[in-house]
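Student: I'm new to this one and would like a close look at a single part. Please pick one and walk me through it, along with whatever sits around it.

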Amino acid sequence: MRLGAQRISARLDAFLDYFIPTEIRVRPDSHRRARMFMLSHVFGPFLGNVIPLYLYIVGMELDYRFWAFACSITAFWVYPFLLKWTRAYTVLAFISVENLLFCILWACYAYGGIYSPFLPWLLITPTLAFFYLPSTGRVRDGLLALIAVNVLIFAGLVVFDFHFPPVDLDMFQVIGIISTISASIYVAMMSLYFARVLQEQQQFEREVGDLLATAENLRSLTTAAQQASVAKADFVASTSHELRTPLNAVIGYSQLLLDDALDEGDDAMVKDLENIRGAGTHLLKLVNDILDFSKIEAGKMEVFATRDDVAQRLAEIERSVGPELAERGYTLTSRLPEPGVLMETDWGAATKAVTHILLGAAASPTGGSLHLHVGTGRGGTCIIKIVDANGAADGRPIDKLFDIFHDDRDASPTKYGGAGIGLALGQKFVMLVGGDIAVAHGAFGERTFTITLPLDIPRGEQLALAS
Amino acid sequence: MTKVLIVEDNEMNRDMLQRRLERRGYEIACAVDGPDGIRLAQQLQPDIILMDVALGEMDGWEASTQILANPCTRHIPIIALTAHALESDRRKSVEVGCVDFETKPISLTDLITKIEKYVGG
């Protein structure tokens with residue numbers, strides 16, 4: 001039932017809007033007035049024509065008085081079309097008010113003068129006028145003046161005893177009631193519609209207000225999150241710097257003492273000092289990794305692209321990680337492309353990416369074997385595969401591999417601590433240079449990391465991708 | 001004997017580097033900040049300068065620029081020492097006219113190789 005009423009009301013609105021020009025519809029207040037105007041002009045003549053119909057039924061003479069009255073009521077049906085064609089809303093609204101005044105006063109003049117049963121209709125005129133037009137400034141003054149002039153002309157005719165055509169007022173007792181009921185229905189209809197439109201508009205405004213508040217809230221949350229991320233990066237950067245200075249001293253002085261101990265041939269001392277220096281170096285590396293990670297996350301890591309030979313650069317990486325892999329009990333074999341395959345990327349970042357993934361893959365405390373396979377792929381890409389022959393056996397869940405400090409087992413892959421943030425940082429560096437990384441377990445228990453790097457670094461996208 | 005000027009504001013870093021290089025037979029002079037470094041470069045005429053880039057008010061880049069702008073000291077090679085291996089630091093070193101770049105913690109073997117390369121040649 002309620003739904004049915006809603007559908008009818010939606011149809012009605014769509015019908016009324018058909019005649020209303022777009023420029024009026026875009027503003028809620030002018031749209032509301034134009035709908036009232038349309039409603040009044042579509043349904044008004046039905047109610048108004050009840051009276052001529054009655055006059056016709058009771059056998060009133062169909063003279064010029066009758067036709068002028070009936071035509072002035074029916075003329076309201078022309079206004080919607082005029083509005084659609086001329087778009088001159090305010091002018092039409094004024095003419096319509098004048099039409100209404102004429103129609104009412106003419107009926108009074110023609111049928112009974114100041115005793116006319118149609119006089120109450122005059123009361124609806126200002127009500128309707130201010131439904132159509134804003135009740136402010138020159139428009140309001142103009143409307144009141146218009147009504148005043150019409151009433152004065154009518155009053156003038158009365159005062160100067162201008163000839164009223166005689167009518168039988170007894171015949172008008174019934175039409176007086178019908179007329180008053182019609183006027184009441186008319187005003188009630190307009191008021192109800194106005195109330196509904198107002199309610200809808202308030203609800204709409206409330207919803208818009210809610211949406212705006214939500215949007216503002218989201219904006220401030222986003223800003224806060226960005227500020228927090230930058231603040232975190234700044235904090236990590238300054239903390240890292242503070243940590244690095246004393247660490248450099250630990251490493252440097254242990255090196256000094258180590259030199260002395262080596263000179264003196266004190267083997268026990270050499271071993272202790274090597275441990276101090278090794279732990280210090282490991283800690284420094286971790287601090288640097290955290291700083292890199294935080295900088296990439298905050299979008300502060302700059303990218304400088306250069307073009308260089310893939311085989312040559314990868315061979316360099318292989319050489320530099322070789323000793324540390326050997327120390328962990330890993331062997332590294334490789335198949336690199338022929339020299340001549342060039343890639344334009346930030347080679348510093350790309351080197352760190354591959355190095356971190358290689359060292360992150362080599363996390364088994366008992367060692368193993370790694371294979372580095374480099375080639376080119378579809379769409380101008382460089383494919384770097386790192387295969388750990390027995391990788392799946394270490395029990396690290398594949399979906400947690402790139403989480404920071406996830407590896408919390410007691411058995412440490414390195415002498416001084418866990419795998420740290422190696423894989424997570426490697427992934428960040430891959431993304432920094434516009435690449436992608438995937439990991440999969442194979443049928444023979446091997447784990448394969450596949451790094452895909454564009455042979456030409458995408459401009460301007462690196463930072464967005466990384467953060 | 002090769003004369004090396006170390007410009008470094010951190011006392012421990014300065015001390016370590018001085019002792020490690022002296023042990024290898026270098027003659028070391030130390031400056032504690034940028035202006036001090038510029039003054040000693042002119043006064044002592046070292047064979048090479050090791051310049052920390054993160055100095056106090058006047059940073060190592062500025063001090064290097066001034067040393068290389070002075071006709072009395074422009075011939076002295078400068079090796080920049082930075083705390084972190086950033087590509088931007090490497091570029092900046094080249095821009096201001098440093099001959100090379102070394103990151104901390106300093107690997108003595110690498111540093112000596114670089115010193116010998118620029119002093120010997």
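Tutor: Let's start with a bit of vocabulary: helices (H or I, at least four residues) and strands (E, at least two) are DSSP runs, numbered from the N terminus, and two strands pair if DSSP finds at least two bridges between them. This is a predicted model, in which local features need pLDDT of at least 70 and side-chain atom pairs count only at pLDDT 80 or more, while totals for chains, interfaces and linings use all residues. Residues are numbered from 1 along each chain as its sequence is written, and chains are lettered from A and ligands numbered from 1 in the order in which they are written.

My pick is strand 7 of chain A, residues 447-454. Look at its side chains, which alternate: A:R447, A:F449, A:I451 and A:L453 point to one face and are buried (20 or more other C-beta atoms, placed from the backbone, within 10 Å of a residue's own; 12 or fewer is exposed, and in between is partly exposed). On the other face you'll find A:T448, A:T450, A:T452 and A:P454, which are not buried.

Now for the neighbours. On one side there's strand 5 of chain A, residues 381-388, which pairs with strand 7 of chain A in the antiparallel sense over eight bridges. You can trace some of that pairing residue by residue: A:D388 has A:R447 as its bridge partner in strand 7 of chain A, and A:I386 is matched with A:F449. So two residues from the buried face, A:R447 and A:F449, turn up here again.

Strand 6 of chain A, residues 436-441, is another antiparallel partner, joined to strand 7 of chain A by six bridges. Here A:D436 has A:T452 as its bridge partner. Strands 6 and 7 of chain A make a hairpin with five residues between them, and in that hairpin A:G445 takes a positive phi near 80 degrees.

Step back a little, and these strands belong to an open sheet of five, in the order 2-4-5-7-6 (chain A), with mixed pairing. Its edges are strand 2 (330-335) and strand 6 of chain A, each of which pairs on one side only. On average, neighbouring strands of the sheet are turned by 15 degrees against each other, direction ignored.

Helices pack on this sheet too. Helix 12 of chain A, residues 310-327, touches strand 2, strand 4 (368-377) and strand 5 of chain A; here a contact means C-beta atoms, placed from the backbone, within 7 Å. The direction of helix 12 makes about 170 degrees with that of strand 2 of chain A; axes are lines fitted to C-alpha atoms, for helices over the stretch in contact, and angles run from 0 to 180 degrees between N-to-C directions. Helix 13 of chain A, residues 347-361, is the one to watch for our strand: it lies across strand 4, strand 5 and strand 7 of chain A, and runs at about 175 degrees to strand 7 of chain A.

Going back along the chain from strand 6, you meet helix 14 of chain A, residues 422-432, which is mostly covered, with 10 of its 11 residues buried. Among them are A:L423, A:L425, A:F429, A:V430 and A:L432, along with A:K428. After helix 14 of chain A comes A:G434, whose phi is positive, near 80 degrees.

There's a further strand pair in chain A to compare with ours. Strand 1 (residues 306-309) and strand 3 (residues 342-345) of chain A run antiparallel and are joined by four bridges. A:D309 has A:L342 as its bridge partner in strand 3 of chain A. Strand 3 of chain A alternates as well: A:M343 and A:T345 point to one face and are buried, while A:L342 and A:E344 point to the other and are not.

One last stop puts chain A beside chain B. The contact takes 16 residues from chain A and 13 residues from chain B. Helix 10 (172-264) and helix 11 (267-297) of chain A each supply at least two residues of the side that touches chain B, and the largest share of that side, 10 residues, comes from helix 10 of chain A. As for chain B, it has five helices and five strands, running β-α-β-α-β-α-β-α-β-α from the N terminus on.

Key. Two residues are in contact if their C-beta atoms, placed from the backbone, lie within 7 Å.
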